[in-house]
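Here's a quick tour of the protein chain you're about to see. Keep the 3D view open while you read, and look for each piece as it comes up.

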Amino acid sequence: MGVTTVNGKIKKEDLGVTLPHEHLFINSMYEFKSPKETVAEKLSNQKLTIQNLYLAINNPWYIKDNLLLDNEKLAASELVKFKEVGGSTIIEVSSIGCGRSPEAIRNVSNITGVNIIMGCGYYLEETLPHWIFKKSKSELVKEIINEIQYGIKGTNIKPGIIGEIGIGNSIGIWEKKSLEIAVKVQKETGLAISIHIQAVPTILNFNGELLGIEVLDFIEKAGANLNKVVIGHTDAKVEIRYIKKIINYGAYAELDHFSKDLYFENNDFIMDRDMDRVIAIKELIDCGLVRKILISQDTVFKTDLTSYGGQGYGHILNNIVPLMLKKGIKREDIDTIIVKNPAELLNIDEKYL
Ligand SMILES: [Zn+2]
């Protein structure tokens with residue numbers, strides 16, 4: 001049994017408090033839409049500073065620079081703050097397409113002493129380089145299995161989770177191929193699969209429909225081990241019925257938008273708040289579902305970082321755990337959610353090692 005970090009295998013008992021859906025390095029600039037008006041266009045192409053921060057806090061997509069995390073020193077200084085308040089592991093789910101950076105991630109792990117598990121597989125179709133679409137399913141499966149067994153090209157760094165696998169507006173030709181690849185890789189390696197279900201209107205033609213259940217049906221038929229599958233982004237607008245259905249399949253439901261309570265003006269789409277998330281978690285625990293809940297912050301913007309006025313990677317430990325206690329959630333159940341569940345998810349059977 002064991003878990004693959006960017007620094008090799010460790011025991012599941014050594015993971016401690018784990019955030020299962022984070023990014024240290026990510027490029028979301030594909031979500032940027034340049035304003036037509038000249039003054040706004042000039043503003044939106046400036047570097048993010050304390051002077052223009054107010055524009056990005058109100059709308060994180062307004063300033064292009066806010067959509068890029070690419071600084072190793074900054075990432076390390078932010079992640080240390082997670083460790084200082086009792087955190088010890090993160091899953092860095094950046095996959096191919098959104099700026100996966102194995103060596104930088106390992107450097108941050110070495111500087112901070114935080115365990116980091118990194119991802120593999122493919123993000124949303126519109127983020128991918130064209131060479132990927134030209135390759136066959138079996139070629140891509142082989143490439144990923146090679147990464148898991150021998151290390152990512154040019155390094156000896158091995159992914160410890162498959163994902164985040166990007167699902168956009170529908171389960172189209174690419175999504176089916178990408179999910180089938182993920183399932184094939186899981187069958188060979190035993191690794192868990194973490195799936196991005198589009199839940200906010202950052203892509204074209206988003207219709208608000210959550211595809212978690214359709215994805216579970218599809219991968220179940222393809223032979224996935226649903227006990228090691230995470231359906232992400234279930235809490236943009238928390239729907240208890242949707243979450244319960246996910247858990248009924250044996251999968252994990254991930255509430256990973258803690259600290260995000262954004263309003264999308266163009267779509268008149270408002271995200272739920274942390275309080276709504278905590279109340280939903282209490283209800284799920286009361287229904288006996290604590291073993292299948294995961295929580296995280298999906299750090300993607302500069303404005304999520306403390307250096308830019310955000311809550312940083314320590315938000316769940318600093319603010320959400322106290323809120324959970326206040327709302328009557330037992331310490332033991334909190335530990336299950338932030339320690340035991342991610343460890344169970346990541347732990348791989350001896351036969352795969
Ligand atoms: Zn995602």
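**The five-stranded sheet**

One open sheet here is built from five strands, in the order 8-9-10-11-14, and their pairing is parallel. Keep in mind that this is a predicted model. The points below start with this sheet, then move on to another sheet, the core, the whole chain and a few odd spots in the backbone.

*More on this sheet*

- At the edges you'll find strand 8 (162-167) and strand 14 (293-295); each has a single partner strand, so one side of each is left without a neighbour in the sheet.
- On average, neighbouring strands of this sheet are turned by 25 degrees against each other, if you ignore direction.
- Zoom in on strand 10 (residues 229-231) and strand 11 (residues 252-255): they run parallel and are joined by two bridges.
- Ile231 has Ala253 in strand 11 as its bridge partner.
- As a bit of background, strands of a sheet pair through backbone hydrogen bonds, and they can do this in a parallel or an antiparallel way.

*The three-stranded sheet*

- Another open sheet has three strands in the order 3-6-7, again with parallel pairing.
- Its edge strands are strand 3 (17-22) and strand 7 (115-118), and each of them pairs on one side only.
- From one strand to the next, the twist averages 20 degrees.
- Strand 3 pairs with strand 6 (residues 87-92) in the parallel sense, over four bridges.
- Two pairs to look for across these strands: Val17 stands opposite Gly87 in strand 6, and Leu19 stands opposite Ile90 in strand 6.
- Helix 4 (residues 102-112) packs on this sheet, where it touches strand 6 and strand 7. The direction of helix 4 makes about 165 degrees with that of strand 7.
- Is strand 3 mostly covered or mostly open? Strand 3 is mostly covered, as six of its six residues are buried.

*The nonpolar core*

- The largest nonpolar core has 85 residues, and those touching the most other members are Ile162, Ala192, Ile195, Val229, Val230 and Ile231.
- Which residues does Val230 touch, leaving out those up to four places away in sequence? The list is Pro20, Ala192, Ser194, Ile195, Ala251, Tyr252, Glu254, Leu294 and Leu345.

*The whole chain*

- In total, the chain has twelve helices and 14 strands.
- Its radius of gyration is 19 Å, close to the 20 Å that the globule rule gives for 353 residues, so the chain is as compact as a globular protein of that length.
- Along its principal axes, the C-alpha trace spans about 60 × 50 × 40 Å.
- Of the 353 residues, 46% count as buried.
- Take the contacts between residues at least 6 apart in sequence: 77% of them join residues at least 24 apart.

*Backbone spots worth a look*

- The peptide bond from Gly163 to Glu164 is cis, with omega near 5 degrees, and Glu164 is found in strand 8.
- Asn205 sits in the loop between strand 9 (193-197) and helix 8 (212-221). Its phi is near 60 degrees, which is a positive value in a residue other than glycine.
- Is Asn205 buried or exposed? Asn205 counts as exposed because it has 8 C-beta neighbours inside 10 Å, and the cut-off for exposed is 12 or fewer.
- His233 lies in the loop between strand 10 and helix 9 (240-248), and its phi is also positive, near 60 degrees.
- His233 is buried, with 21 other C-beta atoms within 10 Å; the cut-off for buried is 20 or more.

Technical notes
Residues are numbered from 1 along each chain as its sequence is written. This is a predicted model: local features need pLDDT of at least 70, side-chain atom pairs count only at pLDDT 80 or more; totals for chains, interfaces and linings use all residues. Two strands pair if DSSP finds at least two bridges between them. Axes are lines fitted to C-alpha atoms, for helices over the stretch in contact, and angles run from 0 to 180 degrees between N-to-C directions. Two residues are in contact if their C-beta atoms, placed from the backbone, lie within 7 Å. A nonpolar core is a set of buried Ala, Val, Leu, Ile, Met, Phe, Trp, Tyr and Cys residues joined through C-beta atoms within 7 Å. The radius of gyration is taken over C-alpha atoms; the globule rule is 2.2 Å times the number of residues to the power 0.38.
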